[in-house]
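Here is a short report for a first look at this protein. Please keep the sequence and the model at hand while reading.

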Amino acid sequence: LLCLCCRAAAERVRYAIAEELPTGSLVGPLARDLGLSPDQLPARKLRVASAGKKQLKYFTVSEENGNLYVSERLDREELCGESSSCSVSFEALVHNPLNVFHVQVDIQDVNDNAPRFPRDKFQLEINELTSPGSRFAVGMAEDADVGSNSLLDYELEANGYFAVEVKEGQDGSKFAELVLRRALDRESEQSLRLVLTALDGGDPPRSGTTQLWINVTDANDNPPVFAQDKYHASLREDTPPGSTVLNVSASDADAGTNARITYGFGETPSKVLQKFLVDRETGTITLQEALDFEDTRGYALLVEAKDGGGLVAHCKVKVEVLDVNDNAPEITILSLSSPVPEDAPIGTVVALLNVNDPDSGENGEVSCELSGEAPLSIVASSGGSYKVVTASALDREQAAEHRVWVVARDRGRPALWSRRELSLEVSDVNDNAPVFSEAAYSAYVRENNLAGALVLRVSARDADAGANGRVSYWLAGGSAGAAGAAPLVSVEARSGAVYAQRSLDYEQCREFAVTVRAQDGGAPARSSTATVRVFVLDQNDNAPRVLWPAPAAAAGSAAAAAVAPAAFEVVPRSAEAGYLVAKVVAVDADAGRNAWLSYELVQASEPALFRVGLHSGEVRTARFPLARDAARHSLVVLVKDHGRPALSATATLHVVLADSLQEALPELSDRDDVSELTPDLNLILVVSLAVVSLLFVSTVMFAFFSKCRRSRSPPIFITSDKELYSSLPSKSTYNYCNSTLPLPYSYEVCLASESGQKDFTFLRP
């Protein structure tokens, strides 16, 4: 409590000025007294604030030098009435950081009001038998000033009968009483007209006058006498109109009409006469209008009793107004810093409040608290001000706005309370990085896709708002195992869509990984990454490739035959069923079902003699070779995958049935001659037909001419010379495709002298 009191005292600034100062008069160097230099004024934004607009209109703060000036004429009597002290209080606010200071300006009285009597003329009726020394109340002059400038003395015009004496009540008020110095004589002087002057204590003094008209009446030697000189009554401010305040009573020793007493109010302000009413006959004082403790805390009534002879007596009635807790606290928001950034430190002032309760005592003692779930707390400041500060860290992603109720409660019985809603928005700070919906993505793309095809779409969410939550994407790199992976795909910056840059080939790249980075638009920016693994799905786009027999030999082209000897297999005629002839070896670059190969014998000179394993590609004999079986066979094997649609390739295998290699060579030579003619079989057939026809015609013509010549010559057989012999070089090699060993052979051939064509040929080296 001591710390809080010291802090409150340090934050209070007090000035004193005279009332009625002209507009623009200097009150004090407010900025300097608050410790602010001229350079700090633009940033700190010094200004004045108050719970009521009435106080703010009197003062203003200069933005250039921070001095406090009078902005409107100050009338102390209008502001504070009869109060001995008068001040105007308000708050001075500074920003960056936000703080509040209590400023009090005391208004000093100036003698600007002259004493004033309620009436310009007073009439008194005084009996001629009135003894000297008798006193007569002539009312009280009012002076709105206070202190030394208030009412000080009364002066009476010089005369031979009356003098004036000043009486002071317990409340400090001064009223005049006429004192009879010499006995009156109605016969010599029936009336008197005197001037009563009221003087204040100002320098120079001010004065006010009224006329006293005194009528001298016949003898009524006993004036009324009140039972008490002073009466006191206490009323609660919630007393309803019509209630009895008290009853005054007076008696008169005279008899007859001179003893008949009537009651009324003496010289009393009109404000009081509006509140109270006295019964002329009974002296009962009743309440006419509702009381308000906050407006007036007490009333002084002057009640007079007059008998039938005109004698008057006076008594004072003091009515005290008791406070009732009839005013709820008033909450005024002086300043609200909204929105506040979510990274604001704990203890940041977000709002300044002023709470005022017009009641007094415990009824005016107020406590404040916050109602609602929010990371805020309220701290009491000076002069009924409160600060709302952050009690814990703010997080816009959890709550973008906090709504709390400021509840102010007094200590009255029953207590009254009021509340005011306080809405605080939290502004965003880039404190969250984008978060991908998945840490790793997997995508499956069929090979041979179109360039620009959508692979997948990545998505990242940023809990921040605005630019801090706007996410953009780009590629941050690829996996080490996928050479050139980055150019294969691209990512659209706004949508996160990943597109293929070109057509993918499963046989070249079966999978690759890229890293996608998501970055927000904050400053500084935050980012996160996710791995995208792309799996290329195989399509049946590769036909099987035959590794053996070699494609060149299997194709049987003349160019291939000229370069390398043809491949063939030798099967002994004694081979049993199931004898392994050869194995067709093929591969498919595709995968899965697209690479499952099956083998099928689609063409054979003797289909019943050979069979092919469906999955192994092994060519075996289906039965024992028979003597009637041809020695030379050509097998065409179809290799087919299981794709949809299926792709295939063929392999041609040449088989010779022979028990030895020497027996297989003639068949091999014939096969080579035939193989030379097979590239264009149709052409050969046409040419052969033409040659046969030509030979037939030539033979017929030759026979015809021979008969005509009738020449006969005996046949002679000779042995062909060395040029007609063909021998196999000792180093000639035959390629049996890894199934037959190379061996050298030599032959000697005898031909007829007329033979123009060799019946036996050999493979070219």
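## Phe 704 and its patch

Phe 704 sits in helix H10, which covers residues 681–709. The model is a predicted one. Phe 704 counts as exposed, because its relative accessibility is 53% and exposed means over 50%.

Phe 704 belongs to a nonpolar patch on the surface. The other members are Phe 696, Val 697, Val 700, Met 701 and Phe 705. Together, the patch residues have about 640 Å² of accessible area.

## The protein as a whole

The protein has 10 helices and 49 strands. It is made of 765 residues, and 39% of them are buried. About 41,700 Å² is exposed, with 52% of that supplied by carbon and sulfur atoms.

Take the contacts with a separation of 6 or more. Residues 24 or more positions apart account for 68% of them.

## Salt bridges

How many salt bridges does the structure hold? There are 23 salt bridges.

One of them joins Arg 76 and Asp 109, with the closest N and O atoms 3.2 Å apart. This pair links distant parts of the chain, 33 residues apart. Arg 76 is in helix H5 (residues 76–80). Asp 109 is in the loop between strand E7 (99–108) and strand E8 (121–127). Are these two residues buried or exposed? Arg 76 counts as buried, because its relative accessibility is 1%. Asp 109 also counts as buried, at 18% relative accessibility.

## A salt-bridge network

Glu 165 and Arg 181 form another salt bridge, at 3.4 Å from N to O. The pair links distant parts of the chain, 16 residues apart. Glu 165 lies in strand E11 (residues 162–168). Arg 181 lies in the loop between strand E12 (174–180) and E13. Glu 165 is partly exposed, with a relative accessibility of 22%.

Both residues take part in a network of salt bridges. Arg 135 and Glu 177 are linked in that network as well.

## Glu 369, Arg 409 and Leu 416

Glu 369 pairs with Arg 409 in a salt bridge, the closest N and O atoms being 3.9 Å apart. The link spans distant parts of the chain: Glu 369 in strand E27 (residues 366–371) and Arg 409 in strand E30, 40 residues apart. Glu 369 counts as partly exposed at 43% relative accessibility. Arg 409 is partly exposed too, with a relative accessible area of 33%.

Arg 409 is also among the contacts of Leu 416. Leu 416 is found in the loop between strand E30 (401–410) and strand E31 (417–427). At 25% relative accessibility, Leu 416 is partly exposed. Its other contacts, beyond four places in sequence, include Asn 325, Asp 326 and Pro 329. Leu 416 and Pro 329 are 87 residues apart in sequence, with 7.4 Å from C-alpha to C-alpha.

## Asp 200, a buried charge

Asp 200 lies in strand E13 (residues 191–200). It is buried yet has no salt bridge. Why not? The nearest side chain of opposite charge, Arg 206, is 5.4 Å away, while a salt bridge needs nitrogen and oxygen within 4 Å.

What does the side chain of Asp 200 reach instead? A polar contact of 3.4 Å joins it to the side chain of Asn 111. The side chain of Asp 200 also reaches the backbone nitrogen of Gly 202, at 3.3 Å. Beyond four places in sequence, contacts of Asp 200 include Asn 113, Asp 143, Asn 149 and Leu 151.

Definitions and conventions:
Residues numbered from 1 in each chain as written. Predicted model: local features only at pLDDT ≥ 70, side-chain atom pairs only at ≥ 80, totals over all residues. Heavy atoms only, no water. Helix = DSSP H or I, 4+ residues; strand = E, 2+ residues; numbered from the N terminus. Buried < 20%, exposed > 50% of the residue type's maximum accessible area, 1.4 Å probe, protein only. Lys, Arg positive; Asp, Glu negative; His and termini not counted. Polar contact = N/O pair within 3.5 Å; in protein donor to acceptor, adjacent residues only side chain to side chain. Contact = heavy atoms within 4.5 Å. Patch = residues over 30% accessible without salt bridge, like charges linked within 9 Å, V, L, I, M, F, W, Y side chains within 5 Å. Areas by Shrake-Rupley, 256 points an atom, 1.4 Å probe, with all protein chains shown as cover.
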